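Notebook open, model loaded. I want to look up one sheet and a couple of residues.

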Amino acid sequence: MKTKLLLLFLFIIIKLNAQQKIYDFTSNPNSFLKFNNSLFFEASSENTGFEIWKSDGTPESTAILQFMNASNGSNAKRILNTGSAILNGKLFFIAKDDKSNGEIWKTDGINETVKITDFLRGRVEKLTTVGNSIFFLM
């Protein structure tokens, strides 16, 4: 009985020590979304406002997807997990930049992140995929 308890205790200690801090955020990361073997989420750091981040779980791969709001204000609308859609290997999401209060962007999660609308001015709230189209709610 003592051997079983000792093994259980050692397993718990090893399991707790296996966690690793991957980045110092000044906010609690939120709105998690898995896409193309990466985790996308919203968070802020000491030098940025809220931005969309990407990580595979290692410190080396954890970084801002793309700086969209150079004014260091709040970028993400905290709806990455409900205000996003995936179509044809692309992630479509809503984010602010220095020129708008919220437009639709797309990314492949690896190389390219681009704004695809320039007329919504923050009026879009939710994206959804239907067949081969993306629809949004204003």
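I started with strand β7 (residues 100-107), which pairs with β8 in the antiparallel sense over three bridges. For the record, strands are DSSP runs (E, at least two residues) numbered from the N terminus, and two strands pair if DSSP finds at least two bridges between them. T107 has T113 in β8 as its bridge partner. This is a predicted model, so I noted that local features need pLDDT of at least 70, side-chain atom pairs count only at pLDDT 80 or more, and totals for chains, interfaces and linings use all residues. Residues are numbered from 1 along each chain as its sequence is written, and side-chain values use heavy atoms, with hydrogens and water left out.

Next I looked at the whole sheet: it is open, has four strands in the order β5-β6-β7-β8, and pairs antiparallel. β5 (84-87) and β8 (113-115) are the edge strands, each pairing on one side only.

Then I checked D108, in the loop between β7 and β8. Is there a salt bridge (Lys or Arg side-chain nitrogen within 4 Å of an Asp or Glu carboxyl oxygen), or what is the nearest side chain of opposite charge to D108? D108 is buried (under 20% relative accessible area, 1.4 Å probe, protein chains only) but has no salt bridge, and K90 is the nearest side chain of opposite charge, at 4.4 Å. The D108 side chain does reach the backbone nitrogen of N111 at 2.8 Å and that of E112 at 3.1 Å.

How values were computed
Buried means under 20% relative accessible area, exposed over 50%, partly exposed in between (1.4 Å probe, protein chains only). Lys and Arg count as positive and Asp and Glu as negative; His and the chain ends are not counted. A polar contact is a pair of N or O atoms within 3.5 Å; within protein, one must be able to donate a hydrogen and the other to accept it, and residues adjacent in sequence count only if both atoms are side-chain atoms.
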